[in-house]
Amino acid sequence: MSDQQTVSSVPGRIMAAEMAEQPAVLQRILDEGAPKIREIAAEIAARNPRFVLLTARGTSDNAALYAKYLIEVLLGKPAGLTSMSTTTAYGARPDLTDCLVITVSQSGGSPDLVASTKAAREAGAITLAVTNNAGSPLAEVSEFHIDVLAGPEKALPATKTYTAELLALYLFVEGLRGGDGSAAKDLPELAAAVLARQPEVKALAERYRFAQRLVITSRGFGYPTAREAALKLMETTYIPASPFSGADLLHGPLAMVDNVSPVIAIVPDGKGGEALQPVLDRLRGRGADLVVVGQQAQVEAASAGFALPPGVPEEVQPILEILPLQQLAYEVTIARGQDPDAPRALAKVTETH
């Protein structure tokens with residue numbers, strides 16, 4: 001067996017390499033992508049869209065949810081996530097005049113994303129595709145396109161394309177309001193420091209090797225991170241992971257949490273974290289095995305956790321929050337004797353209609 005064959009047979013090799021690329025990808029977006037993103041944002045801002053609709057599936061849907069928070073909090077514009085079947089299955093044709101429709105997709109190849117974006121443009125919308133493939137069908141049918149510059153992603157679980165989408169969307173929203181995106185300037189260095197702490201994550205992974213289910217919760221800007229973390233854990237480890245907004249968790253699902261239930265809480269440093277505090281108090285009161293991804297004080301008050309760098313603006317914290325959770329999915333999968341590079345029943349381009 002050749003050295004190349006030996007290396008390629010190592011479970012998780014590709015996912016590990018792509019996670020490690022993320023600081024370089026973030027820097028590439030800041031250096032090479034930001035000028036074009038600002039140019040597109042300025043052109044769209046001049047047309048003053050009245051509201052924003054976001055279209056996506058899977059991991060990109062969690063990036064779109066992050067953009068929804070950015071648009072509503074930073075721009076004060078209403079934003080919503082679309083139901084593509086209303087267009088592709090039911091044939092609805094709403095009037096989208098003066099609406100900005102942003103479609104987020106790693107591959108830009110899913111037929112329903114292409115069809116719904118094409119229909120939105122025909123209905124009068126300003127259409128923007130955010131993809132990792134400038135030559136994709138989605139980019140071709142959209143009026144504007146942002147390339148997230150992540151480079152080819154070969155592992156089935158999306159890692160570097162997700163954080164690239166987050167940063168590209170943040171810079172775009174900043175551009176819409178005339179901001180300079182300075183909150184993101186230290187992210188590549190901070191991301192490298194977070195990823196270098198993988199031994200801490202490997203130790204955490206032992207808690208979940210034999211888990212039967214997981215609950216993941218957050219609020220505000222951290223909620224998309226909870227959803228993406230649950231998706232990564234489910235598609236790689238096959239452990240059922242239920243993501244909840246902290247507010248929704250209190251409206252019934254808290255009843256399934258007991259003193260042996262593993263719960264992961266993403267606690268933003270800011271208003272989202274403040275809003276999550278009553279939920280954390282209730283979880284501790286129920287004796288849950290609570291692991292926190294957040295600031296050091298929150299980690300110390302939990303069963304265990306991973307402390308994130310202090311002083312990062314809340315609106316860009318999700319780009320760092322997801323990193324140890326990607327590594328957690330990887331480490332738990334390896335510990336369970338599975339290959340995170342190739343989860344069963346998954347394809348890189350999911351063709352929904």
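How much space lies in the second largest pocket? In this predicted model, the answer is about 190 Å³, and the close-up views below begin with that pocket before turning to a helix, the nonpolar cores and a glycine.

**View 1. The second largest pocket and the residues of its lining.** The lining of this pocket is made up of 16 residues, of which Thr82, Thr87, Pro94, Leu96 and Ser116 are the closest to its centre. Strand E1 (51-55), helix H5 (85-88) and helix H6 (111-122) each supply at least two residues of the lining, and H6, with three residues, gives the most. By residue type, the lining divides into nine nonpolar residues, six polar residues and one charged residue.

**View 2. Helix H2 and its buried residues.** Within helix H2, which spans residues 13-20, Met15, Glu18 and Met19 are buried. These three residues lie on the same side of H2, because the arc that they cover around the axis is only 100 degrees. The elements that cover the buried residues of H2 include helix H3 (22-45) and helix H8 (160-176), together with helix H9 (187-195) and helix H15 (317-335).

**View 3. The largest nonpolar core, with Leu328 as one of its residues with the most contacts.** This core has 80 residues, and those with the most contacts inside it are Ile102, Leu128, Leu167, Tyr170, Phe172, Ile216 and Leu328. Its largest share, eleven residues, comes from H8, the helix that is also among those covering the buried residues of H2. When neighbours within four places in sequence are left aside, Leu328 is in contact with Val201, Leu204, Ala205 and Tyr208, and also with Leu233 and Ile264. Another core, of 18 residues, lies apart from the largest one, and its members include Val279, Leu280, Leu283 and Ala288.

**View 4. Gly294 in strand E9 and the residues that it touches.** Gly294 belongs to strand E9, which runs over residues 289-294. Gly294 counts as buried because its relative accessibility is 0%, where the cut-off for a buried residue is under 20%. Not counting residues up to four places away in sequence, Gly294 touches Val267 and Val299, as well as Phe306, Ala307 and Leu308. For a sense of scale, the C-alpha atoms of Gly294 and Lys154 are 30 Å apart in space, while 140 residues separate the two in sequence.

Notes: Residues are numbered from 1 along each chain as its sequence is written. This is a predicted model: local features need pLDDT of at least 70, side-chain atom pairs count only at pLDDT 80 or more; totals for chains, interfaces and linings use all residues. Side-chain values use heavy atoms; hydrogens and water are left out. Buried means under 20% relative accessible area, exposed over 50%, partly exposed in between (1.4 Å probe, protein chains only). Helices (H or I, at least four residues) and strands (E, at least two) are DSSP runs, numbered from the N terminus. The arc is that of the directions from the helix axis to the C-beta atoms. Contact means heavy atoms within 4.5 Å. A nonpolar core is a set of buried Ala, Val, Leu, Ile, Met, Phe, Trp, Tyr and Cys residues joined through side-chain atoms within 4.5 Å. On a 1 Å grid over the protein atoms alone, a cavity is a set of points where a 1.4 Å probe fits but cannot get out, and a pocket is an open set with protein on both sides within 12 Å along at least five of seven lines; lining residues have an atom within 4 Å of a point. Grid points are joined across faces, edges and corners, and a volume is the space filled by probe spheres set on the points. Ala, Val, Leu, Ile, Met, Phe, Trp, Tyr, Cys and Pro count as nonpolar, Asp, Glu, Lys and Arg as charged, and the others, Gly among them, as polar.
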